[in-house]
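Thanks for opening this one with me. Below are some notes to read alongside the structure, arranged as numbered points.

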Amino acid sequence: MRRIGGEAVSDIGLGSWAVRDPKSFVETLVKAFEMGINLVDTAEMYRTEPLVREAMEIYGSKEIFVTTKLYPWNVRHDCERALRRQVERLGKVPDLTLVHWPEDIATEVRELEKMVDKGLTRMIGVSNVTKEQLEVALHATKKHEIVAVQNKYSPTFTATEELFPTLEEKGIALQAHTPLDRGRALELDWVRRKAEELGAPPAAIVIAWLLSRSPVVIPIPKTERVEHLMELLEGTKIKL
């Protein structure tokens, strides 16, 4: 298990960007919940909140840690309205709300703080940020801490590692989006060699690598196939 804001979550979560087959995605998400994954990511931009809601209803529980992300302009100009729309579409208060591609990050995180006080999100964080932006966000909050950062992180994209010292010092989770880098990470020579050596799928090797990098890393790959889900879960059992 990993932790977000002191709460235990599964080693990996599932993303929901660019869903092509809604029915298959919902079926896969339900299976993921049954297999112990209790973390799912969505966003205003994705428009997949109803699919996440449907999967939770089929599963029979909304005790799933849901991360959502709001457009920065909505956070600044009408955050309450944007989050109420998220609550309606999800059928629950988001556990974690992030500002998506921040523009004025200090203002945006302070607006998100107000939403915690209004009961419209439980925790707050930021997404797609530089080291400098993260420092600004951390100094801008007055009452509620930044508990998570969601950035791209993959064996083929390691720039996010510059955030690790700050994240580890402060116990901030890194939700690693696009961890397979749309399949490019699976083609790396060392990934293929290790997969052959261990008799494991390349996707499992990539997930295992990510989990080995830091205890704050939580990969959030997207899949619409149960077979692929099983490959990803295999990665949580491999120690590199």
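**Notes for a first look**

1. Let's begin with two helices. Helix 4 and helix 5 (residues 131-140) pack with their axes 8 Å apart, at an angle of about 45°. That angle makes helix 4 oblique to helix 5, and the crossing of helix 4 past helix 5 is right-handed. On the helix 4 side, the contact is made by I105, A106, V109, R110 and E113. Helix 5 contributes Q133, V136, A137 and A140. Please keep in mind as you read on that this is a predicted model.

2. Next come the charged pairs. How many salt bridges does a search of the whole structure find? The search gives 22. One of them joins the side chains of E49 and R89, with N and O 3.0 Å apart. E49 belongs to helix 2 (residues 49-59) and R89 to helix 3 (residues 72-90), so this pair ties together parts that lie 40 residues apart in sequence. Is E49 buried or exposed? E49 counts as buried, because its relative accessibility is 1% and the cut-off for buried is under 20%. Its partner R89 is partly exposed, with a relative accessible area of 26%.

3. Helix 3 also takes part in a second pair, through E80. E80 forms a salt bridge with K118, and their closest N and O atoms are 3.5 Å apart. K118 sits in the loop between helix 4 (105-117) and strand 6 (123-127), so you can follow the chain from one partner to the other across 38 residues. Both residues have some access to the surroundings: K118 counts as partly exposed at 46% relative accessibility, and E80 counts as partly exposed at 26%.

4. A third salt bridge is worth a look, the one between R213 and E161. Here the closest N and O atoms are 3.2 Å apart. R213 lies in helix 8 (residues 202-213), while E161 is in the loop between strand 7 (146-152) and helix 6 (164-170). The pair links distant parts of the chain, with their positions 52 residues apart in sequence. R213 is partly exposed at 39% relative accessibility, and E161 is partly exposed at 25%. Salt bridges can also share partners, and in this way E7, K92, D95 and R122 are joined into one network.

5. Now for the aromatic rings. The structure holds 6 aromatic pairs. In one of these, the ring centres of W17 and Y46 are 5.2 Å apart and the planes stand at 45°, so the pair is tilted. Which parts of the chain does this pair link? W17 is in the loop between strand 2 (7-9) and helix 1 (22-34), and Y46 is in the loop between strand 3 (39-41) and helix 2, 29 residues apart. W17 counts as partly exposed at 39% relative accessibility, whereas Y46 is buried, with a relative accessible area of 16%.

6. Another ring pair is W190 with W209. Their ring centres are 6.2 Å apart and their planes are at 50°, so this pair is tilted. W190 lies in helix 7 (residues 189-198) and W209 in helix 8, 19 residues apart. W190 counts as partly exposed at 31% relative accessibility, but W209 counts as buried at 13%. Both rings belong to a cluster, in which ring pairs link Y153, F164, W190 and W209.

7. Finally, take a moment with K69. This residue has its place in strand 4 (residues 65-70). Is K69 buried or exposed? K69 counts as buried, because its relative accessibility is 0%. Leaving aside residues up to four places away in sequence, K69 touches D41, T42, A43, E44, Y46, L98, H100, S127 and Q150. Among these contacts is Y46, the ring partner of W17 from point 5. To place K69 against helix 5, you could look across to E135: the two residues are 66 apart in sequence, and their C-alpha atoms are 19 Å apart in space.

Notes:
Residues numbered from 1 in each chain as written. Predicted model: local features only at pLDDT ≥ 70, side-chain atom pairs only at ≥ 80, totals over all residues. Heavy atoms only, no water. Salt bridge = Lys/Arg side-chain N within 4 Å of Asp/Glu carboxyl O. Helix = DSSP H or I, 4+ residues; strand = E, 2+ residues; numbered from the N terminus. Buried < 20%, exposed > 50% of the residue type's maximum accessible area, 1.4 Å probe, protein only. Phe/Tyr/Trp six-rings, centres within 6.5 Å; stacked < 30°, edge-to-face > 60°. Axes fitted to C-alpha atoms, helices over the stretch in contact; angles between N-to-C directions. Parallel < 35°, antiparallel > 145°, perpendicular 65-115°, else oblique. Left-handed = near helix turned anticlockwise from the far one by under 90°. Contact = heavy atoms within 4.5 Å.
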